[in-house]
Amino acid sequence: MDKDLKVTDITEWVISATRSVGAEITSPWFYLQFGLILAAAGIAYATEAAVRAKVDVGSLAMRWPLPLRHFVRVMVSSASTAVFAILMIASRIVMYHATWPSRSYLIAVSAKLALAWLAIRLITSVIRNAFLVKVVSLSAWAIAALSIIGQLDPAIEALDGVAIEIGGLRLTPLLLLKLGALLILALWLTNIASNFAESRINRSSDLTPSIQVLLVKMIRMGLMVVAIAIALGAVGINLSALAVFTGAAGVGIGLGLQKIVANFISGLILLVDKSVKPGDLITIGDSSGRISTMKTRYISVAAGDGREFLIPNEDLVTQKVVNWTYTDKNTLVKVAFGTNYDADPRLVCKLAAEIAAAHPRATRGKTPNCILTEFAEAGMKFSLTFWLPEPDGMDNVKSDVMLSLWDAFKREGIRVPYPVRELRIRGGALPVETVVEVPGR
């Protein structure tokens, strides 16, 4: 019975609104107002084009106070709306004194809508997220438009009239709209607060990079949970009524979100045990580079050649990871090389140690060492080891040392062995087949 009554009320409201619009359209004053609105819109857009062509918004009012400068820039960027509002207000005043007020109703509504849009543009200009600005602007302007034409209360009643009962929770379109608006506001404020906390934490020199990341993630998650709880409570949703949804979410996590949860937990473990941290040089599988950022789901590893590897946190917990800077940045470099048997092995070791020690990046406090490792079939094999203060550019250093070894061997007459193959034929010459080419065939 109640549903039939609500449907009847909505039908009567639609019929009444249709009759009012029909009566308005049949009046000759409607077309006069409509023509004035179109003319004002054309003038407004032409004015905005002229203003944008002559005014540099970036350098406008640079010496003015920040609030006034911000206000002027918003007004210049919305010049068409401001001019349209002024023209509508002037037209309303003239028609109000020249004829009946009802004959300029559309002009009054247009002026109020333009002023409402200007106010919304000024308020939302402090928001940096472009998508959020559009959502908030359109939602606020729709509410303002319904209020201006006197249809806000009927619209609210219509949105609240349709409901779905789920586990003692009454869901209506109005409730969902309120919840969405409050969540957007709460999460926006949460983002501002977490960014402020992150900036303060990152400036602290007493905290290690991993502790900084952990604190930032905990603060973000905590503020997000509090914001969602406040938004739900503000619209009258009892958190205990969401037990069915939390149960379904648990089943979904168990079935389809295992990897996501595993990466999230692994990220927290990595931040707590400090096995890897921003700035470390790591090697995992075929990927090697320096950790640039640590996220909730993955870490970003900069390879140094423009590439960045996004490695899931779970891989760093379950797989073998080489951390070149875990406890000490000093790195041992090994260079293997060989000479022929004509060379003096003591002289070779001396030359190699001197060349490694002379490299500008070699650690001065640790003497390089060169040893003879094997008498191989092709020659003698040596191993040169020396230390670097940090692993960055290790391959370049090895290349420099090997080039210097080559120059020293050329200067001392030391030869590097290379394989030689001899082919011996026993039992006489191999048969050779002679092929005679006949012309024309």
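Before I place any residue, let me say that helices, of at least four residues, and strands, of at least two, are DSSP runs numbered from the N terminus. With that in hand, take Lys274, which sits in the loop between H11 and strand S3, the strand being residues 281-284. Please keep in mind throughout that what we have in front of us is a predicted model.

Staying with Lys274 for a moment, its relative accessibility is 36%, and because the partly exposed class runs between 20% and 50%, Lys274 counts as partly exposed. In sequence Lys274 is 63 residues from Ile211, and yet in space the two are 8.2 Å apart, C-alpha to C-alpha.

Let me step back to the whole chain. The protein chain has 14 helices and ten strands, and of its 441 residues, 28% count as buried. If we take the contacts between residues at least 6 apart in sequence, 61% of them join residues at least 24 apart.

Now to the pocket. The largest pocket holds about 720 Å³ of space, and among the 24 residues lining this pocket, those closest to its centre are Val136, Ser139, Ile143, Leu177 and Ala181. Two or more lining residues come from each of helix H5 (105-124), helix H6 (130-148), helix H7 (152-161) and helix H8 (173-202), and it is H8 that gives the largest share, nine residues. Sorted by class, the lining of the largest pocket is made of 20 nonpolar, three polar and one charged residues.

Next, the nonpolar cores. Which residues touch the most other members of the largest nonpolar core? They are Phe337, Leu384 and Phe386, out of 23 residues in that core. At least two residues of this core come from each of strand S8 (331-339), helix H13 (345-358), strand S10 (380-388) and helix H14 (394-412). There is also a second, separate core, with 13 residues, including Leu270, Val276, Met294 and Leu316.

Of the residues I have just named, I would like to look at Phe386 more carefully, which is found in strand S10. Is Phe386 buried or exposed? Its relative accessibility is 0%, so Phe386 counts as buried. Setting aside neighbours within four places in sequence, Phe386 is in contact with Thr331, Leu332, Val333, Val335, Ala356, Pro368, Val397 and Val401. Lys366 is 20 residues from Phe386 in sequence, and the C-alpha atoms of the two are 7.5 Å apart in space.

I will finish with two polar residues, beginning with Asn263, which is found in helix H11, residues 258-273. With a relative accessible area of 7%, Asn263 is buried. A polar atom of the Asn263 side chain lies 3.0 Å from the backbone nitrogen of Glu314, and Glu314 also appears among the residues that Asn263 touches, together with Thr296, Arg297, Pro312 and Asn313, when residues up to four places away in sequence are not counted.

The other residue is Ser287, which lies in strand S4, residues 287-294. Why does Ser287, at 17% relative accessibility, count as buried? The answer rests on the cut-off, because buried means under 20% relative accessible area, and the 17% of Ser287 falls under it. Not counting residues up to four places away in sequence, Ser287 touches Ile282, Phe309 and Ile311.

Conventions:
Residues are numbered from 1 along each chain as its sequence is written. This is a predicted model: local features need pLDDT of at least 70, side-chain atom pairs count only at pLDDT 80 or more; totals for chains, interfaces and linings use all residues. Side-chain values use heavy atoms; hydrogens and water are left out. Buried means under 20% relative accessible area, exposed over 50%, partly exposed in between (1.4 Å probe, protein chains only). A polar contact is a pair of N or O atoms within 3.5 Å; within protein, one must be able to donate a hydrogen and the other to accept it, and residues adjacent in sequence count only if both atoms are side-chain atoms. Contact means heavy atoms within 4.5 Å. A nonpolar core is a set of buried Ala, Val, Leu, Ile, Met, Phe, Trp, Tyr and Cys residues joined through side-chain atoms within 4.5 Å. On a 1 Å grid over the protein atoms alone, a cavity is a set of points where a 1.4 Å probe fits but cannot get out, and a pocket is an open set with protein on both sides within 12 Å along at least five of seven lines; lining residues have an atom within 4 Å of a point. Grid points are joined across faces, edges and corners, and a volume is the space filled by probe spheres set on the points. Ala, Val, Leu, Ile, Met, Phe, Trp, Tyr, Cys and Pro count as nonpolar, Asp, Glu, Lys and Arg as charged, and the others, Gly among them, as polar.
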